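Colleague: Could you take a close look at a single part of this model, beginning with its helix geometry and then following the strands and aromatic rings discussed with it? I should like one connected account.

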Amino acid sequence: MKTICKTCLLAAGILSLSHSAMAQETEINDMTTPLHLLRPEYKVPYGDLTAEQVKTDIDRVFAYIEQHTPVRVLDADGKEVTDYRHIPHGATLDRGAFRIGSYEWGVTYQALLDAAEVTGDDRYKDYVVRRFKFLAEVAPGFRKLYEQYKDTDAQMEQILHPKALDDAGAMCCAMMKARIADPSLPLSDLIENYFAFIEHGQYRLPDGTFARHRPQHNTIWLDDMFMGVPSLAYRGIYKKEESTRYFNEAAKVSRQFIDRMFVPEKGLYRHGYVEGLAQQPTFHWARANGWAIVTNCELLDALPEDHPDRPFLLEQLRRHIKGLAAYQSSEGFWHQLVDRSDSYLETSATAIYVYCIAHAINKGWIEGITYGPVAQLGWHAVSTQIKEGGQVDGTCVGTGMGFDPAFYYYRPANYQAAHGYGPVIWAGAEMIRLLGHWYPRTNDSGLHYYKVKQTNPSPLFYLTEDGQGEAVE
């Protein structure tokens, strides 16, 4: 064993030489060099990763969104309004690059709360709290304007009068999480307004499954699994006296989505489902599969350990992760249509999968040895799409339900799509948590996850019985 390690150490030294130096000394061949240790030309980073590197990426994204999501009210002339009790007609929220009350930002708020918990960096939490307090403070004034003039700022209209789960679900869940952590936050009115729509305002099928009349009558969107189910689940924590009711409702609705939309032979979900059709459109859109897997994680996080639906949901998560892992590209990304390798590589879905796979490892739901490298390769891919200024590139814009492949193949991808920012922060936070108790190392050029830190400097090593790896004297 020691002979192997010394050989590998020698090989590492040889391979560190430049090609020109090697050419001068000796020809590289199977006799002179362990060719299996030659460094491949990877398209994304491979191997080493530290929590500090991940935090640097999160900070770049955070700096960008903080700069481009102002919290001000402006009157019709563009002057700042500071007395929110008397907001003038025609006033609007200041327009940045992103809407601070959209479902994309509901995801971003949840990701930042998680990042604050993982890193101890209170700037992330302060960002969320400041915007939530701002929305709570301006809401009564804008509501008064609407009652008087029957119109209001478009962003506030989405908050005050939600018309779809997109308007209510992710924001409601984010606010409930924030208030569970800090009951002093003045969010009760906004939460109740959102949840009233989720529970009673959104159209449902007779069995309670969230549905739409778009683009067809009684259409189920996989997106709505995420827009509705986590809020039902966290309502059970937010309203402890009604926890059983909401936990059961969340699990029931989730199972109804799974029954209709999961395709077992592929381990993937279809994007849409039209009730009553004998032949369903089956396109495995990446971000929709992201919404499904994060819903499953959120539900398992919220449900009690003894909930009767928990074993089924846990096994469903494992089936989905196994299916997704089989389609990861060589670059670490997943494709816009997960099972079609000629569709483009997409950032937001990749980030969601990284978050969920890392989260499932951290929770002990799946094996870190098997799936840690999958998550890390995915993070390396995502990190290449974070621009120097913090913009997240390669994200598919908002996408309805399609009945043909061209619709999905040619959806634009752009850094201005808000859908990428929350998932990237969430993925980064969970990777930091993962790196806190797993130890990735390359061994024989391949990335491996170890429960015990490996200190052997050899590029090829064996584990001793205690898992420490061969000591180097």
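Modeller: The expected span of a helix is 1.5 Å times one less than its number of residues. The model is a predicted one, and in it helix α5, residues 122-149, contains 28 residues. From the first C-alpha of α5 to the last is 40 Å, which is close to the expected 40 Å.

That agreement in length does not exclude a local bend: α5 has a kink of about 35 degrees at Ala 139. The proline Pro 140 follows shortly after the kink. Just beyond the end of α5, Lys 150 adopts a positive phi of about 60 degrees.

The rings come next. One aromatic cluster is made up of Phe 62, Tyr 109, Tyr 124, Tyr 127 and Phe 132. A pair of aromatic rings is described by the distance of the centres and the angle of the planes. Over the whole structure, 22 aromatic pairs are found. Among them is the pair of Tyr 64 and Phe 98, with 6.2 Å between the ring centres and 75 degrees between the planes. Planes over 60 degrees apart count as edge-to-face, so the pair of Tyr 64 and Phe 98 belongs to that class. This contact links distant parts of the chain, 34 residues apart: Tyr 64 lies in helix α3 (residues 51-67), and Phe 98 in the loop between β3 and α4 (103-119). Is each partner buried or exposed? Tyr 64 has a relative accessible area of 8% and is buried; Phe 98, at 6%, also counts as buried.

Phe 98 leads to the strands, as its loop follows β3. Strand β3 belongs to an open sheet of 3 strands, ordered β2-β1-β3 and paired in antiparallel fashion. Both β2 (80-81) and β3 (92-93) are edge strands with a single partner each, so one side of each has no neighbour in the sheet. Strands of a sheet pair through backbone hydrogen bonds, either parallel or antiparallel. Here β1, residues 73-74, is joined to β3 by 2 bridges, and the two strands run antiparallel. In this pairing, Leu 74 has Thr 92 of β3 as its bridge partner.

In summary, α5 has a span close to the expected value together with a kink at Ala 139, while the edge-to-face pair of Tyr 64 and Phe 98 connects α3 with the loop between β3 and α4.

Conventions. Residues are numbered from 1 along each chain as its sequence is written. This is a predicted model: local features need pLDDT of at least 70, side-chain atom pairs count only at pLDDT 80 or more; totals for chains, interfaces and linings use all residues. Side-chain values use heavy atoms; hydrogens and water are left out. Two strands pair if DSSP finds at least two bridges between them. Helices (H or I, at least four residues) and strands (E, at least two) are DSSP runs, numbered from the N terminus. The bend at a residue is the angle between axes fitted to the seven residues ending there and the seven starting there. Rings of Phe, Tyr and Trp (its six-membered ring) pair if their centres lie within 6.5 Å; planes under 30 degrees apart count as stacked, over 60 as edge-to-face and the rest as tilted. Buried means under 20% relative accessible area, exposed over 50%, partly exposed in between (1.4 Å probe, protein chains only).
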